[in-house]
Amino acid sequence: MRRKTSLVLLALAVFFAALSPLLRWYAFPRLAKIPANQYQDMVLEAKDATLLDYGSMTAKKVPKVTIVQTLKGDVAASEKIEKTVGKDVVVWDGLSYVQGPDGKMVSEIPERYIFDAHTQAPVHAPGEMVDGDPVKRTGIEFKWPFLTEKRDYEYFDAQTRTTNPIHYKGTQTFRGVKVYYFEQTVPWTKVPFPKTMPVKGITPETVAKTGTTRWYTTVRKFWVEPLTGAPVYGEEIHKEELRGGTLLGGREKVTAFAGHVKMREDYIEHTVDLVKSNRLLVLLMTSYLPWGFLTLGVLLLVLALWLEARSRRPAPAKAEQPQPVTA
């Protein structure tokens, strides 16, 4: 009976020992993915910012500029693209909406971002665009890969439509969460005017006729939770200028927008809580369950060997019965 039990335990030990690496290296890369129907929004603010008054074409100090960023998954588009590329794909329709202190629109830039649901690498398909202009992204945008590494990544910038390195700057703790800090500097670059302008009747084409151009630079900062690859916090030191042309009345340049853009406090709290819950799921598949199964396999193996050893131990010899004494 002991031998049968030891064989069962040995089989279970092998099963759990084999399940440990399979869960970590086979199941996790296939099961961990961004849902195609995800929706998220984020509110950022630049307090004491500089903003262009298009009525007088002068830069003025304002108490606050608000940026609302939304990302909405298009499930139907994802399924259509998946049929052609043969892998799980996510399609995010994004909108960056900027409004001044009076609540009026300053700019809005839509974009469609198509990427691999598992690796977050860009997937090139019809419809990939920024502000209506077709683009072919390289590098990541919005989210880092699962199990982010301590290294530099390539990050796509929607304003310039270019990819630049974003540098790993160290490991920190943010609101009780271990994070990797990344920073990217986009140098002054000539960029197109938004298709939707803040002044009615003015279009990018009419501005182009004046010879005035738009320039942009930013220092982009992200604090990324490495297991999920999700940023828990972000900032930008953002600057835009209009340069040259008759629109400026002989001036060389004028600031269109300048400010230190930061996430609003309520969105920081929500994001940190969300990342903490998702982090636990990733830990289960990459650490807790694999190591737990491996430990259980070792314990079962030890128990099986112990029972096997006991089953082979010779039975103790029976004591010889004393013979009765007869007279």
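A residue counts as buried when its relative accessible area is under 20%, and as exposed when that area is over 50%. The exercises below apply this to a predicted model.

**Exercise 1. Classify Gln 120 and Asp 48 as buried or exposed, and state what their backbones have in common.**

Step 1. Gln 120 has a relative accessibility of 0%, so Gln 120 is buried. Gln 120 sits in the loop that runs between strand S4 (105-116) and strand S5 (129-130).

Step 2. Asp 48 has a relative accessibility of 59%, so Asp 48 is exposed. Asp 48 belongs to strand S1.

Step 3. For the backbone, the background is that most residues other than glycine have a negative phi. Gln 120 is not a glycine, yet its phi is positive, at about 70°. Asp 48 is not a glycine either, and its phi is positive too, at about 55°.

Step 4. To put the two together: a positive phi is found at buried Gln 120 and at exposed Asp 48.

**Exercise 2. Describe the overall form of the protein: what is its radius of gyration, and what does a compact globule of 327 residues give?**

Step 1. The radius of gyration of the protein is 31 Å, whereas a compact globule of 327 residues would have one near 20 Å.

Step 2. The extents of the C-alpha trace along the principal axes are about 140 × 40 × 30 Å.

Step 3. The secondary structure consists of four helices and 12 strands.

Step 4. Of the 327 residues, 42% are buried. The accessible surface is about 18200 Å², and carbon and sulfur atoms hold 60% of it.

Step 5. Among contacts with a separation of 6 or more, 60% are between residues 24 or more positions apart.

Step 6. For charge, count 44 positive and 35 negative side chains; the centres of these two sets are 6 Å apart.

**Exercise 3. Find which elements give two or more residues to the largest nonpolar core, and place Tyr 233 in it.**

Step 1. The general expectation is that nonpolar side chains in soluble globular proteins tend to be buried together.

Step 2. The largest nonpolar core has 26 residues, and the members that touch the most other members are Val 65, Phe 174, Val 232, Tyr 233, Phe 257 and Met 263.

Step 3. Two or more core residues come from each of strands S1 (39-53), S2 (58-73), S9 (177-191), S11 (230-243) and S12 (253-263), and from helix H4 (265-312). S1 gives the largest share, six residues.

Step 4. Another core, separate from this one, has 23 residues, including Phe 16, Leu 71, Ala 117 and Met 285.

Step 5. Tyr 233 lies in strand S11. Its relative accessible area is 9%, which means that Tyr 233 is buried.

Step 6. Beyond four places in sequence, Tyr 233 touches Phe 174, Lys 221, Phe 222, Trp 223, Lys 262, Met 263 and Ile 268. Two of these partners, Phe 174 and Met 263, also appear with Tyr 233 among the core members named in Step 2.

Step 7. Val 179 is 54 residues from Tyr 233 in sequence, and their C-alpha atoms are 9.7 Å apart.

**Exercise 4. Work out the surroundings of three strand residues, Ile 166, Val 89 and Lys 190, and decide whether each is buried or exposed.**

Step 1. Ile 166 is part of strand S8 (residues 162-174). With 0% relative accessibility, Ile 166 is buried. Setting aside neighbours within four places in sequence, its contacts are Trp 144, Asp 152, Tyr 153, Tyr 155, Phe 182, Glu 183, Gln 184 and Phe 222. Phe 146 lies 20 residues away in sequence and 17 Å away, C-alpha to C-alpha.

Step 2. Val 89 is part of strand S3 (residues 89-99). Its relative accessible area is 1%, so Val 89 is buried as well. Outside the four-place window, Val 89 touches Ala 36, Ser 78, Ile 81, Glu 82, Ile 114, Phe 115, Ala 117 and Val 123. Val 75, 14 residues away along the chain, has its C-alpha 9.3 Å from that of Val 89.

Step 3. Lys 190 is part of strand S9. Its relative accessible area is 54%, so Lys 190 is exposed. Again leaving out residues up to four places away, Lys 190 touches Thr 213, Arg 214 and Trp 215. Thr 217 is 27 residues from Lys 190 in sequence and 9.1 Å from it between C-alpha atoms.

Step 4. The result is that Ile 166 and Val 89 are buried, whereas Lys 190 is exposed.

Definitions and conventions. Residues numbered from 1 in each chain as written. Predicted model: local features only at pLDDT ≥ 70, side-chain atom pairs only at ≥ 80, totals over all residues. Heavy atoms only, no water. Rg over C-alpha atoms; globule rule 2.2 N^0.38 Å. Buried < 20%, exposed > 50% of the residue type's maximum accessible area, 1.4 Å probe, protein only. Contact = heavy atoms within 4.5 Å. Areas by Shrake-Rupley, 256 points an atom, 1.4 Å probe, with all protein chains shown as cover. Lys, Arg positive; Asp, Glu negative; His and termini not counted. Charge placed at Lys NZ, Arg CZ, Asp CG, Glu CD. Core = buried A, V, L, I, M, F, W, Y, C linked by side-chain atoms within 4.5 Å.
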